[in-house]
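Work through the exercises below with the sequence and the model open. Each task is followed by a solution in steps.

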Amino acid sequence: QHGRLNKIKFSTEVISVEYDESSTQFIVTSRSIKAGEEENTDVARYDYCIWAGGQHGKPRIPRSILHLLRVGGSLTRMDDSNSGGESDDGAPTVPFSGTVLHSSHMSHFSGAVTNKRVMLIGDAASAEDLALQAVKLGCSKCYILSRSGYGDCACVSSWPMGVNPSTGEMEPKVEVHIALPCRVFDDGTGFECNEMFWDEEDECYEIDDDMPSIMLEDINTVIFCTGYLPDQDCLATELQFPSLGLEEEEEESWTPPEEFKMRENPFTKEIGDIEPSEELDLSANIILGVYRKIVLMSNPRMMYLTDSNSEYPLLELDVNAWQCLAYITGTARLPSLAEMNTDIDAQMIEEMHIPYLRWYIDMDYFDALNEFGKDHWSENFNDPRCEELNLQYYRYLVGILARNMRNAHYPVSFGTYNNLNEKGERYAQLLLQGAAARQNIEVGTSESEWMTFRDVCPKAFKSIHTGQGASSLPVRWLQMDKGDKPLTSFTKNKE
């Protein structure tokens, strides 16, 4: 009755959140969703508002591709949601005849992939997870389509193998292609897929006619692994993420200082000093209009808990919750708008010195690195220069976390932004090992026929607090079921 939970309203739906500038308070209208109490609404005022509803509220599905699947034909423009429904000879088009899902529709997943030929659109973490799960459930073949070729799936050096019934040869059960579906076959069972390029003049993705098409036949299931959008409809427009109303081509840009010169790194000897582009994309580590991914800059009483573009989502959410508390209670000083902008500029400049971050925000630098072939040392995760660059990237990200921990008086310390302590360094090494697990599966060995990144030796994965090693799997991951228990050092000792 009088515990810490007595202020929490359970079984409650928030209808609207408005901000009253005259009182500097939020007006929140809510209602009960309990049976028989649906008409009971409540209006209350609060000094602060924290959006903690997550960033994955509703599926994000490219409308142009979804329309193509529904009506058939060919895409003429990737940014046109009404494209499709056209055939070269004017004949009626046939829509895709198979199953269409989003990665959130897991209740239908097993039946949609078992003994089926599957096409995943998107190449990030959800596509990697679902591709391996599809192999585990016995899919005939899984194709992953990537627009850019720079997601998690493109970093996997080897996928599990299986026998092709047509040839009798062993081949990967998963194939990754840098292409998107642009035409549905006339019988509705397959796709012609093409590489895409960004058209600067029209500001949209176009089909690259100079590259050969990829034909994927007899596809039974298409799954969109294209992420999510926050479901913030209950928030007044000015309280929602400012970037939610922007299309990809409208993303905020940033101009570097004229005197900027990148610090020397392993790439410098090969590409020299690349002049920054006149306009740079805003870093993915910065949310437009939201200071340190937490505070709405136009109204600092509005805050968010997000795991946007995070290498460590659970830890970041916890640290950010502490930061919200610190700002509300005054434990941490909330900077002025000018100080926030100065801080963002400093972060952008620092990221311009880190090759694997500048690569994302500076198109000219991206083009320079993109000239390297697949046999370049930067593609070999075990090359000392590649390891140095990746570790620099992860140390920077952990440095941001260390900065936020100190600001929030978080009970664990990773050191400072510029100087990680032992725990911070261990955490950076842990992130590095996680990336290496995907890239270090040796192609062509007997182990590569069944090995996934979950099957790698766990010796390198240790608790940053206790040093306790990660558990070994009792069997190969593809053979595991829900009843299998991991082999820890404790179970081994008992045996």
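**Exercise 1.** In this predicted model, determine how helix H9 packs against helix H10 (residues 422–439).

*Solution.* Step 1: the axes of H9 and H10 are 9 Å apart, and the packing angle is about 130°. Step 2: angles over 145 degrees would count as roughly antiparallel and 65 to 115 as roughly perpendicular, so H9 is oblique to H10. Step 3: the crossing of H9 and H10 is right-handed. Step 4: H9 contributes Glu-387, Asn-390, Leu-391, Tyr-394, Arg-395, Val-398 and Leu-401 to the contact. From H10 come Gly-424, Glu-425, Tyr-427, Ala-428, Gln-429, Leu-431, Leu-432 and Ala-435.

**Exercise 2.** Describe how H6 and H9 cross, and name the residues that make the contact.

*Solution.* Step 1: the two axes come within 12 Å and cross at roughly 155°. Step 2: angles over 145 degrees count as roughly antiparallel, so H6 is roughly antiparallel to H9. Step 3: H6 passes H9 in a right-handed crossing. Step 4: on H6 the contact residues are Asp-343, Gln-347, Glu-350 and Glu-351, and on H9 they are Tyr-396, Ile-400 and Arg-403.

**Exercise 3.** Compare the span of helix H6 (residues 337–352) with the expected value, then locate its buried and exposed residues.

*Solution.* Step 1: H6 has 16 residues, and at 1.5 Å a residue these should span 22 Å. The end C-alpha atoms are 23 Å apart, which agrees. Step 2: the buried residues of H6 are Met-340, Ile-344, Gln-347, Met-348, Glu-351 and Met-352. They lie on the same side of H6, because they cover an arc of only 140° around the axis. Step 3: an α-helix has 3.6 residues a turn, so residues three or four places apart point the same way. Step 4: exposed Ala-338 and Thr-342 sit on the face of H6 turned away from its buried side. Step 5: the cover over the buried residues of H6 includes strands S19 (253–254), S20 (280–281), S21 (290–291) and S22 (295–296). Helices H7 (355–361) and H9 (384–408) are also among the covering elements.

**Exercise 4.** Which residues of helix H1 (residues 63–71) are buried, and what covers them?

*Solution.* Step 1: Ser-64, Ile-65, Leu-66, Leu-68 and Leu-69 are buried. Step 2: the covering elements include S6 (99–102), S7, S12 (180–184), S13 (191–194) and S17 (221–224), each a strand. Step 3: just after H1, Gly-72 has a positive phi of about 80°.

**Exercise 5.** Place Asn-115 and His-409 in the fold and classify their exposure.

*Solution.* Step 1: Asn-115, a residue other than glycine, has a positive phi near 60°. Asn-115 lies in the loop between helix H2 (109–113) and strand S7 (117–121). Its relative accessible area is 59%, so Asn-115 is exposed. Step 2: His-409, likewise not a glycine, has a positive phi near 55°. The loop between H9 and H10 holds His-409. Its relative accessibility is 48%, so His-409 counts as partly exposed.

**Exercise 6.** Is Ala-332 buried or exposed, and which residues does it contact?

*Solution.* Step 1: Ala-332 is in the loop between helix H5 (313–329) and H6. Step 2: at 6% relative accessibility, Ala-332 counts as buried. Step 3: neighbours within four places in sequence aside, Ala-332 is in contact with Ala-326, Tyr-327 and Asn-407. Step 4: Trp-359 is 27 residues from Ala-332 in sequence, and their C-alpha atoms are 33 Å apart.

Definitions and conventions:
Residues are numbered from 1 along each chain as its sequence is written. This is a predicted model: local features need pLDDT of at least 70, side-chain atom pairs count only at pLDDT 80 or more; totals for chains, interfaces and linings use all residues. Side-chain values use heavy atoms; hydrogens and water are left out. Helices (H or I, at least four residues) and strands (E, at least two) are DSSP runs, numbered from the N terminus. The expected span of a helix is 1.5 Å times one less than its number of residues. Buried means under 20% relative accessible area, exposed over 50%, partly exposed in between (1.4 Å probe, protein chains only). The arc is that of the directions from the helix axis to the C-beta atoms. Contact means heavy atoms within 4.5 Å. Axes are lines fitted to C-alpha atoms, for helices over the stretch in contact, and angles run from 0 to 180 degrees between N-to-C directions. Angles under 35 degrees count as roughly parallel, over 145 as roughly antiparallel, 65 to 115 as roughly perpendicular and the rest as oblique. A crossing is left-handed if the near helix is turned anticlockwise from the far one by less than a right angle, and right-handed if clockwise.
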